[in-house]
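Q: Please take a close look at how the strands pair here, and then work outwards to whatever surrounds them. I would like one connected account that I can follow at the bench with the structure open.

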2 protein chains.
Amino acid sequence: MDLELVASDAQEGKKQELKLWLRLLATTKLMSQEIRRRLRTEFGATLPQFDLLAQLYREKDGLRLGELSSRTMVTNGNVTGLVERLEADGTIIRERLEDDKRVTVARLSEKGRTYFEGMAEAHERWVKEMMADVEPAVLKRLLAELGQVKESAQRHLSDDE
Amino acid sequence: MDLELVASDAQEGKKQELKLWLRLLATTKLMSQEIRRRLRTEFGATLPQFDLLAQLYREKDGLRLGELSSRTMVTNGNVTGLVERLEADGTIIRERLEDDKRVTVARLSEKGRTYFEGMAEAHERWVKEMMADVEPAVLKRLLAELGQVKESAQRHLSDDE
DNA sequence: AGACATTCGTTGAGACCTGAAGCATTTGCC
DNA sequence: GGCAAATGCTTCAGGTCTCAACGAATGTCT
């Protein structure tokens with residue numbers, strides 16, 4: 001009796017998830033490549049570095065490396081290297097805690113703070129520019145609906161099954 | 001006279017693009033990390049490899065490396081390495097053209113074809129699973145609206161200004 | 001034909017990224 | 001107190017990624 005429904009289900013909505021996933025991937029890749037390129041040529045920075053600095057910018061007292069790792073969704077081992085390079089050119093400062101000598105806290109240097117502000121301003125301009133042809137209402141809805149996708153994905157990670 | 005408009009503009013809709021971009025980045029990162037992890041544990045493959053194989057799967061006669069590069073949005077130099085590794089374990093075959101000895105064509109081996117089919121089936125299942133909590137109508141709209149974002153970004157890349 | 005430019009792929013340096021193993025420090029439990 | 005477990009970061013091997021420089025093959029122009 002609902003053969004029609006089954007049939008239309010198998011045709012129209014088929015692979016909708018897959019298509020969306022591929023488009024998500026392509027769109028993000030396109031935009032991040034552009035941003036990466038501009039960060040590199042105009043500031044000599046990389047996207048992961050920018051991401052890390054953005055976290056530190058809003059935490060004046062700095063963050064432990066583990067906290068940085070989870071906020072930027074970057075592995076621990078990777079944070080070590082990122083922090084090392086950023087410390088080397090004086091953008092951030094790394095220091096061990098006295099209370100607990102296992103933890104290391106990273107925070108922006110003064111130089112790093114002004115450096116980041118310049119980048120952040122440009123970064124926001126680039127993003128706005130790239131999305132210029134999309135209506136504000138659409139942007140707003142996308143934000144909400146993408147939130148649903150993220151929540152759904154989060155609930156279906158393989159370690160919680 | 002339209003101070004209100006200016007004010008609300010500065011509050012409500014402000015940084016809408018930036019927020020969307022960050023969410024786009026976070027969602028994609030979350031999902032691709034999960035897919036990466038599963039590809040690795042269940043098939044010993046990586047996401048870029050999967051992406052490359054997917055392109056070859058639908059082109060029985062194979063593709064030139066440059067074509068692969070642009071379709072996967074991966075640099076030339078990177079394609080060389082990817083193809084090398086995939087050829088080493090017999091998934092794909094690489095051969096020079098007689099007509100034009102500069103070009104190299106890569107295509108799936110028989111083994112690679114069945115190998116990829118297994119992966120593709122699993123990959124689609126994972127994606128579907130992660131998006132399970134999102135209504136089909138929302139998925140459909142997201143696909144269309146994300147398309148707008150992609151188009152807009154494409155039109156505002158820095159080399160065409 | 002000879003010189004020059006273009007195209008295609010490879011190579012190399014440097015950064016990013018992951019998972020797993022390693023090491024030090026703290027904590028918990030007896 | 002003492003020893004095992006947990007925690008926080010680092011190190012390592014291998015793959016990905018980018019750009020820039022290179023080399024070989026082909027096209028073009030005079």
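A: Let's start in chain B, where strand β1 (residues 63-64) is joined by 2 bridges to strand β3 (residues 104-108), the two running antiparallel. Two strands count as paired if DSSP finds at least two bridges between them. Strands (E, at least two residues) and helices (H or I, at least four) are DSSP runs, numbered from the N terminus. Keep in mind that this is a predicted model: local features need pLDDT of at least 70, side-chain atom pairs count only at pLDDT 80 or more, and totals for chains, interfaces and linings use all residues. Residues are numbered from 1 along each chain as its sequence is written, while chains are lettered from A and ligands numbered from 1 in the order in which they are written.

Within that pairing, B:Arg64 stands opposite B:Val105 of β3(B). β3(B) also pairs with strand β2 (residues 92-96) of chain B, in the antiparallel sense and over 5 bridges. There, B:Ile93 has B:Arg107 as its bridge partner.

Now move to chain A. Its 3 strands form an open sheet in the order β1-β3-β2, with antiparallel pairing. β1 (63-64) and β2 (92-96) of chain A stand at the edges with a single partner strand each, so one side of each has no neighbour in the sheet. Between β2(A) and β3(A) (residues 104-108) there are 5 bridges, and the two strands run antiparallel. If you want a pair to click on, A:Glu95 has A:Val105 as its bridge partner in β3(A). When you follow such strands by eye, it helps to know that side chains in a regular strand alternate between the two faces of the sheet.

Next, look at what packs around the sheet of chain A. Helix α5 (residues 76-88) of chain A lies across β2 and β3, running at about 120° to β2(A); axes are lines fitted to C-alpha atoms, for helices over the stretch in contact, and angles run from 0 to 180 degrees between N-to-C directions. A:Tyr57, in helix α3 of chain A, touches A:Leu108 and A:Phe116, leaving aside residues up to four places away in sequence. Contact here asks for C-beta atoms, placed from the backbone, within 7 Å of each other. A:Tyr57 has 16 C-beta neighbours inside 10 Å and therefore counts as partly exposed; 20 or more would make a residue buried, 12 or fewer exposed, and partly exposed is in between, again with C-beta atoms placed from the backbone.

Just before α5 there is a backbone detail to notice. A:Met73 is found in the loop between α4 and α5 of chain A, and its phi is near 55°, a positive value in a residue other than glycine. Most residues other than glycine have a negative phi. Because it has 12 C-beta neighbours inside 10 Å, A:Met73 counts as exposed. In chain B, B:Met73 lies in the loop between α4 and α5, and its phi is near 55° as well.

Helix α5 also leads to the DNA. Around DNA strand C there are 25 residues, with A:Pro48, A:Gly77, A:Asn78, B:Gly66 and B:Gly77 the closest; a residue is near a strand if its C-beta atom, placed from the backbone, lies within 6 Å of it. α5(A) supplies the largest share of this surface, 5 residues. By class, the surface has 6 nonpolar, 12 polar and 7 charged residues, where Ala, Val, Leu, Ile, Met, Phe, Trp, Tyr, Cys and Pro count as nonpolar, Asp, Glu, Lys and Arg as charged, and the others, Gly among them, as polar. DNA strand D is surrounded by 24 residues, and the closest include A:Thr80 and B:Pro48. α5(B) gives the most to that surface, with 5 residues.

Finally, how do the two chains relate? A rotation of 180° with 0.0 Å of shift along its axis superposes chain A on chain B (RMSD 0.0 Å); the fit is by least squares on C-alpha atoms of residues with pLDDT of at least 70 in both. The two copies are thus related as by a two-fold rotation axis.

Definitions and conventions. Two residues are in contact if their C-beta atoms, placed from the backbone, lie within 7 Å.
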